[in-house]
Amino acid sequence: MTYFEGKVVIVTGSSTGIGRATAELFAKRGAKVTITGRSAESLEITRQLCEKAAGGNADKVLSIIADVTKEEDTKRIIAETVNKFGQLDVLVNNAGAGTMPGYQDSHFSRPLEVFDYVMNLNARSLIALDQEAIPHLKKTKGNIVNVSSIGAFKAFPSMAYYCMAKAATDQLNRVLAIDLAKEGIRVNNINPGPVRTDFSARNGVSDAARDWLEENWVKPNCPLGRSATPEEMATVIAFLANNDEARFVTGQLLVADGGASISSPPLPTQAS
Ligand code: NDP
């Protein structure tokens, strides 16, 4: 029996990418899982994967189509989960994006409408979800894991609004961890480096451009020499969410980037 047997976990942004792999892992480890996102089609694929991971038990997976930038939807995600499963043990705030649909990046010259959207999706929505979830997490002594980014403390060109939003989640993490410690609730962030998901495609980066970036940007700048897989992020999230294994870890940023954020560009070699 694993720690997550019988536990109830919400993973936002689980219709693709890191969220999908995370929901699947929790289901495999025995949790009842709420999956959520805007795309019904993608969410259905995740639902099937989770059902399979749960040994074919469809009753252990709740699928909710929702937009986390809308407060009525964030309320619904928490309420419907507790209605169905009776409790909440873990909230994984994973939904996020680098920019607003229709814009390739979140450069500081983009309209303030883009700033508002990016801040809402990557930061404000966490507050909305946390506020609804905390009364339930108090009862179970549960915990929160937020998916941040190394962009919270490294500057990515043309991504001002995204980097600002992720920096806000890192600071929210620290303050919440202190405020909720007395309630027995832990709060932590995972800060991934580049991960192979739909993230760049949603920023308008083609597959060919992504391959070029992998070879010319990720490979030379990341000591482990490649982008991560979503599954490699899922195991880190599950560690932080495990009240046995990570019981003394709170308010932390767990950087999972293959060493990308500690490395410097290679020194030029001396001409011989
Ligand atoms: P994906 O684009 O594959 O996944 C993003 C998820 O967020 C999707 O499930 C999407 O679902 C959901 N989402 C986006 N907007 C909304 C919205 N308004 N309401 C509800 N759900 C929404 O990318 P990743 O898996 O890579 O991203 C997951 C997290 O990881 C994000 O927070 C991202 O910032 C972070 N991250 C990613 C990195 C990477 O290199 N991939 C690096 C560092 C951090 P749908 O479209 O169905 O709504």
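# Ligand shell, core and helices: worked exercises

The shell around the ligand is made up of 10 nonpolar, 14 polar and 4 charged residues. Here Ala, Val, Leu, Ile, Met, Phe, Trp, Tyr, Cys and Pro count as nonpolar, Asp, Glu, Lys and Arg as charged, and the others, Gly among them, as polar. Heads-up: this is a predicted model, where local features need pLDDT of at least 70 and side-chain atom pairs count only at pLDDT 80 or more, while totals for chains, interfaces and linings use all residues. Residue numbers start from 1 along each chain as its sequence is written.

**Exercise 1. Work out which residues come nearest to the ligand, and which helices help to build the shell around the ligand.**

Step 1: Pick out the shell. A residue is near the ligand if its C-beta atom, placed from the backbone, lies within 6 Å of the molecule. There are 28 residues around the ligand, and Gly13, Gly17, Gly37, Arg38 and Gly96 come nearest.

Step 2: Assign the helices. Helices (H or I, at least four residues) and strands (E, at least two) are DSSP runs, numbered from the N terminus. H1 (17-28) and H6 (199-202) each give at least two residues to the shell. H1 has the largest share, with 3 residues.

**Exercise 2. Decide whether isoleucine 18 is buried or exposed, and list what it touches.**

Step 1: Locate it. Isoleucine 18 sits in helix H1.

Step 2: Count neighbours. Buried takes 20 or more other C-beta atoms within 10 Å of the residue's own, exposed takes 12 or fewer, and partly exposed is in between, with C-beta atoms placed from the backbone. Isoleucine 18 has 28 C-beta neighbours inside 10 Å, so it counts as buried.

Step 3: List contacts (C-beta atoms, placed from the backbone, within 7 Å). Skipping neighbours within four places in sequence, isoleucine 18 is in contact with Asn94, Val147, Val195, Thr197, Pro230, Met233 and Ala234. As for threonine 229, 211 residues apart from isoleucine 18 in sequence, the C-alpha to C-alpha distance is 8.1 Å.

**Exercise 3. Find the residues that touch the most other members of the largest nonpolar core, and follow isoleucine 237 outward.**

Step 1: Build the core. A nonpolar core is a set of buried Ala, Val, Leu, Ile, Met, Phe, Trp, Tyr and Cys residues joined through C-beta atoms within 7 Å. The largest one holds 67 residues, and Phe26, Val33 and Ile237 touch the most other members. Helix H4 (residues 112-140) gives the most to this core, namely 11 residues. As background, nonpolar side chains in soluble globular proteins tend to be buried together.

Step 2: Follow isoleucine 237. Beyond its neighbours within four places in sequence, isoleucine 237 contacts Thr22, Val92, Val145 and Ile190. Ile237 is also one of the buried residues of H8, along with others including Met233 and Leu240.

Step 3: See what covers H8. The cover over its buried residues includes H1, E4 (90-93), E5, E6 and E7 (253-256).

**Exercise 4. Check the span of H5 against the expected value.**

Step 1: Take the rule, 1.5 Å times one less than the number of residues.

Step 2: Compare. The 22 residues of H5 should span 32 Å, and the end C-alpha atoms are 32 Å apart, so the two agree.

Step 3: Look at packing. Buried residues of H5 include Tyr161, Ala165, Leu172 and Leu176. Among the elements covering the buried residues are H4, E5 and E6 (186-192).

**Exercise 5. Find out what phi lysine 141 and serine 158 have.**

Step 1: Recall the background: most residues other than glycine have a negative phi.

Step 2: Take lysine 141. Phi is near 55°, a positive value in a non-glycine residue. Lysine 141 lies in the loop between H4 and E5 (143-147), and with 13 C-beta neighbours inside 10 Å it counts as partly exposed.

Step 3: Take serine 158. Phi is near 65°, again positive in a residue other than glycine. Serine 158 lies in the loop between E5 and H5 (160-181), and 17 other C-beta atoms within 10 Å make it partly exposed.

**Exercise 6. Check the radius of gyration against the globule rule.**

Step 1: Use C-alpha atoms and the rule of 2.2 Å times the number of residues to the power 0.38.

Step 2: Compare. For 272 residues a compact globule would be near 19 Å, and the protein has 18 Å, which agrees.

Step 3: Add context. The protein has 8 helices and 7 strands, and 47% of its 272 residues count as buried.

Definitions and conventions: Contact = placed C-beta atoms within 7 Å.
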